[in-house]
Amino acid sequence: MVSSRSLSTLLALPALTFLSLSASALPHPRTASSKTALKLAVRINSYGIKTIAAVDRARIQILQAGGSPSVNATNVGTTYTAEIGVGSPATYYTLLLDTGSSNTWIGANEPYKRTTTSQDTGGAFYVSYGDDGYVSGKEYRDTITLNSDLVIYNQSIGVASRHSEMYGLDGLLGLGPVDLTEGTINNTYEVATVMDNLYTQKELSSEVLGVFFAPPSSDDSSGELTFGGYDASKITRDISYVPITSTSPANRYWGIDQSIMYGNTPILNETAGIVDTGTTFILIATDAFHKYRSATGGTLDEDTGLLKISPDQYKRLSSLFFNIGVHSYELTPNAQIWPRSLNAAIDGTTDGIYLVVADTGSPSGSGLDFTNGYCFLERFYSVYDTTNSRVGFAPTEHTYAVAN
């Protein structure tokens with residue numbers, strides 16, 4: 001498999017906040033008192049050769065073609081990084097976290113320091129990221145320390161010897177399905193992911209990842225990744241699960257089936273798409289986007305690549321309803337706009353109102369007709385359950401917040 005993402009530019013604003021990453025050995029809800037924490041830095045990125053919307057659109061088009069974006073490091077609106085230890089004694093690296101890719105690799109900034117736990121497998125590591133991006137090097141197996149409670153032994157890692165500019169990041173911690181590692185190491189078909197090894201080494205009793213984000217403009221923009229379960233204190237209703245879609249190519253990723261309504265008006269019939277922490281906005285097929293643009297009255301803003309609406313149009317905005325399984329998830333008018341306090345991060349005007357729903361660039365029927373990105377996930381808790389091949393959602397205290 002050749003993985004494709006552009007790595008042309010990463011210009012990050014200072015971190016806005018921190019997230020905690022929690023570990024659990026339980027497949028069921030965890031109480032807050034049982035968690036152990038690792039801080040994740042949150043960055044709002046901008047100022048590249050493309051708008052964030054354009055990069056999101058390029059990402060989904062690569063996925064539609066069956067590719068796999070391995071790095072969420074260029075011109076992307078929101079990125080999450082963690083300090084991850086490699087070796088014994090551990091050297092700590094700043095790695096990007098992404099549910100849309102699965103390889104873990106280091107060495108883009110801080111050099112790899114071999115220790116007694118380092119094993120050279122003899123494998124060559126190579127991933128291509130689109131127009132001009134790439135990483136290549138050698139495969140090692142080594143000890144990975146997420147925190148004091150989560151240590152992984154003999155984890156496959158790529159050690160970069162050549163790579164595109166990463167602007168201070170050391171590499172990536174891949175949290176996607178194992179199939180996305182196919183063809184990235186020359187002497188093996190695929191490699192076990194971090195989540196796979198946490199499970200097989202009995203650090204976790206279920207291969208489950210819970211993800212909680214909050215709007216960056218909220219009073220408390222903290223968040224949490226939970227290994228082995230989910231944090232019941234973060235949700236206001238039980239998790240509702242749906243199976244991974246059977247439709248290709250969405251079924252290679254965290255793919256689901258859903259339909260979308262704007263108020264009482266259907267804009268996207270039930271179809272397949274993905275849930276992706278590596279995408280900033282909510283992308284929908286071109287025909288659905290045209291219906292949304294017509295319904296909202298938005299006009300395309302050249303500077304941001306997003307639909308822009310007036311204050312009067314915002315007052316008349318209806319909710320979007322994402323129908324997933326037996327539940328409908330309401331994205332309120334406030335949740336459909338980019339945080340106005342962060343307009344500078346997307347090259348918007350101070351008082352502009354920009355919608356976070358964007359065009360995939362292709363009509364429905366592609367087999368991957370939407371991406372529910374960060375702007376969706378900051379309103380709903382999500383659970384990625386490899387053990388049972390399903391994805392789950394639940395509302396949170398931020399679902400109906402008006403912080404934007």
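**Strand pairing, core and local backbone geometry**

Strand S13 (residues 255-262) pairs with strand S14 (residues 265-275) in the antiparallel sense, over seven bridges. Within this pair, Gly 255 of the first strand faces Ile 274 in S14. Two strands are taken as paired if DSSP finds at least two bridges between them. Strands are DSSP runs of E with at least two residues, helices are runs of H or I with at least four, and both are numbered from the N terminus. The model is predicted: local features need a pLDDT of at least 70, side-chain atom pairs count only at pLDDT 80 or more, and totals for chains, interfaces and linings use all residues. Residues are numbered from 1 along each chain as its sequence is written, and side-chain values use heavy atoms, with hydrogens and water left out.

The protein chain holds five helices and 24 strands. It has 404 residues, of which 62% are buried. Buried means under 20% relative accessible area, exposed means over 50%, and partly exposed lies in between (1.4 Å probe, protein chains only). The accessible surface of the chain is about 14,400 Å², and carbon and sulfur atoms supply 50% of it. These areas come from the Shrake-Rupley method with a 1.4 Å probe; for residues, only the protein chains shown count as cover. Among contacts with a separation of 6 or more, 70% join residues 24 or more positions apart. A contact means heavy atoms within 4.5 Å.

Confidence varies along the chain. The average pLDDT (the predictor's confidence in each residue, from 0 to 100) is 82, and 77% of the residues score at least 70. Residues 30-39 fall below 50, yet this stretch has 37 contacts in the model beyond near neighbours in sequence. Residues 68-77 also have a pLDDT below 50; here the model has 69 such contacts. Where pLDDT is low, the predicted coordinates should not be read in detail.

S13 and S14 belong to an open sheet of seven strands with mixed pairing. The order is S19-S18-S13-S14-S22-S15-S21. Strand S19 (327-331) and strand S21 (357-359) form the edges, each pairing on one side only. On average, neighbouring strands of this sheet are turned by 35° against each other, direction ignored. Axes are lines fitted to C-alpha atoms, for helices over the stretch in contact, and angles run from 0 to 180 degrees between N-to-C directions. Strands of a sheet pair through backbone hydrogen bonds, either parallel or antiparallel.

At the S19 edge, five bridges join that strand to S18 (residues 320-324) in the antiparallel sense. Phe 321 has Glu 330 in S19 as its bridge partner. Two residues separate the strands of this hairpin, in which Gly 325 adopts a positive phi near 65°.

A further open sheet has three strands, ordered S16-S17-S20, with antiparallel pairing. Its edges are strand S16 (299-300) and S20, each paired on one side only. S16 and strand S17 (residues 307-309) run antiparallel and are joined by two bridges. Thr 299 is bridged to Lys 308 in S17.

The largest nonpolar core comprises 73 residues, and Leu 146 and Ile 284 have the most contacts inside it. Such a core is a set of buried Ala, Val, Leu, Ile, Met, Phe, Trp, Tyr and Cys residues joined through side-chain atoms within 4.5 Å. Neighbours within four places in sequence aside, the contacts of Ile 284 include Ile 260, Ile 267, Phe 289, Tyr 292, Val 357 and Phe 370. Polar residues are also touched by Ile 284, among them Asp 359, Thr 360 and Asp 369. A second, separate core has 12 residues, including Phe 125, Val 135, Met 166 and Ile 185.

Several loops carry notable backbone geometry. Ser 88 and Pro 89 are joined by a cis peptide bond, with omega about 0°. Pro 89 sits in the loop between strand S3 (78-86) and strand S4 (91-98). Another cis bond joins Ser 248 to Pro 249, with omega about 5°. This proline, Pro 249, lies in the loop between strand S12 (240-243) and S13.

Two residues that are not glycines have a positive phi: Asp 347, at about 65°, and Ser 389, at about 50°. Asp 347 is in the loop between S19 and strand S20 (353-354), and is partly exposed at 38% relative accessible area. Ser 389 is in the loop between strand S23 (380-385) and strand S24 (390-395). It too is partly exposed, at 44%. Leu 342 is also found between S19 and S20, but is buried, with a relative accessible area of 15%. Its C-alpha is 9.2 Å from that of Asn 404, 62 residues away in sequence.
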